[in-house]
Amino acid sequence: LSSPSGLTHESHKKDVEQVYLRCSEGSIEWMYPTGALIVNLRPNTSPASYKHLTVCIKPFKDSAGANIYLEKTGELKLLVQDGDRSPSKVYCFGYDQGGLFIEATPQQDISRKITGFQYELMSKGMASDLHTVSAPCRPCSDTEVLLAVCTSDFVIRGSIQDVTNKAEEQESIIHVGVNKLYRQKSKVFQLTGESGNWRGQIKTLLECGVKPGDGDFLFTGRMHFGEARLGCAPRFKDFQRMYKEAKDKGLNPCEIGPD
């Protein structure tokens, strides 16, 4: 978490401050913004790998007081306009497309403003999984499912207990009852209640039209800004079939107990 403050530059409202961030994920909170802030993302990886990185930012719900631009060689491209209240909107761009330039907007009372956002750096392949433009709701092929089992942030066997649709955010929240937990990167799925059942929530696009139904699924996906995002989710019996076929041929990319 980086928290610069504009009040220290009150007498120099045109000052430009530089911030260097080494972590692959985190957040920026600019209190009482004045002047401008240049955010330099410098992950602890080889510079040769930078061209394979995607940067995503998610403004805080109450972020205000500055415009956020993508800057490259002096050219500015508006990314997030001050006052844009698009709920849960995520903005992504290639690392090599430029850096972040945050410019405070004129305010009568800067003490009431805080500009902030979460950020994540990820490989371009992972980012395209989360923000697929073409056919985002299409079923995964057998090969894609088996690879997702090996590479996803979470892999669980479970059932759809309920679905909450958020029209404003264009998202659906899948309430999942977990029968078996194979892997989870963060503690999204947890024991709840006296019954000792594992439960959790997974988000997906509203347009995918997910509905509650009978039977078990294999849910896989990525963590994105602290939330579980749905990847491949075949019916569990279909996963068992494709896993057995691949194992018999020695083609399964990793071992997982499918039962």
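This passage describes the disulfides and one helix contact of a predicted model.

The chain contains four disulfides, and, with bonded cysteines counted along the chain, these follow the pattern 1-2, 3-6, 4-7, 5-8. One of them is formed by C56 and C92, whose sulfur atoms are 2.0 Å apart; the torsion about this S-S bond is about 105°, so the disulfide is right-handed. C56 lies in strand β4 (residues 53–59) and C92 in strand β7 (residues 91–94), so that the pair ties together parts 36 residues apart in sequence. Within this pair, C56 is buried at 0% relative accessibility, whereas C92 is partly exposed at 32%.

Two further disulfides involve the loop between α1 and α2, where both C137 and C140 are located. C137 is joined to C208, which lies in the loop between β13 (197–205) and β14 (217–224), 71 residues away, and this link is left-handed, with -80° about the S-S bond. C140 is joined to C232, which lies in the loop between β15 (227–230) and α3, 92 residues away, and this link is likewise left-handed, with -90° about the S-S bond. C232 is buried, with a relative accessible area of 9%, while C140 is partly exposed at 28%.

Helix α2 (residues 142–151) packs against helix α3 (residues 236–248) at an angle of about 90°, their axes being 10 Å apart, and the two helices are therefore roughly perpendicular to each other. The contact is made by D142, V145, L146 and V149 of α2 together with F239, R241, M242, Y243 and A246 of α3; of these residues, seven are nonpolar, two are charged and none is polar.

Technical notes
Residues are numbered from 1 along each chain as its sequence is written. This is a predicted model: local features need pLDDT of at least 70, side-chain atom pairs count only at pLDDT 80 or more; totals for chains, interfaces and linings use all residues. Side-chain values use heavy atoms; hydrogens and water are left out. Axes are lines fitted to C-alpha atoms, for helices over the stretch in contact, and angles run from 0 to 180 degrees between N-to-C directions. Helices (H or I, at least four residues) and strands (E, at least two) are DSSP runs, numbered from the N terminus. Angles under 35 degrees count as roughly parallel, over 145 as roughly antiparallel, 65 to 115 as roughly perpendicular and the rest as oblique. Contact means heavy atoms within 4.5 Å. Ala, Val, Leu, Ile, Met, Phe, Trp, Tyr, Cys and Pro count as nonpolar, Asp, Glu, Lys and Arg as charged, and the others, Gly among them, as polar. A disulfide is a pair of cysteine sulfur atoms within 2.5 Å. Buried means under 20% relative accessible area, exposed over 50%, partly exposed in between (1.4 Å probe, protein chains only).
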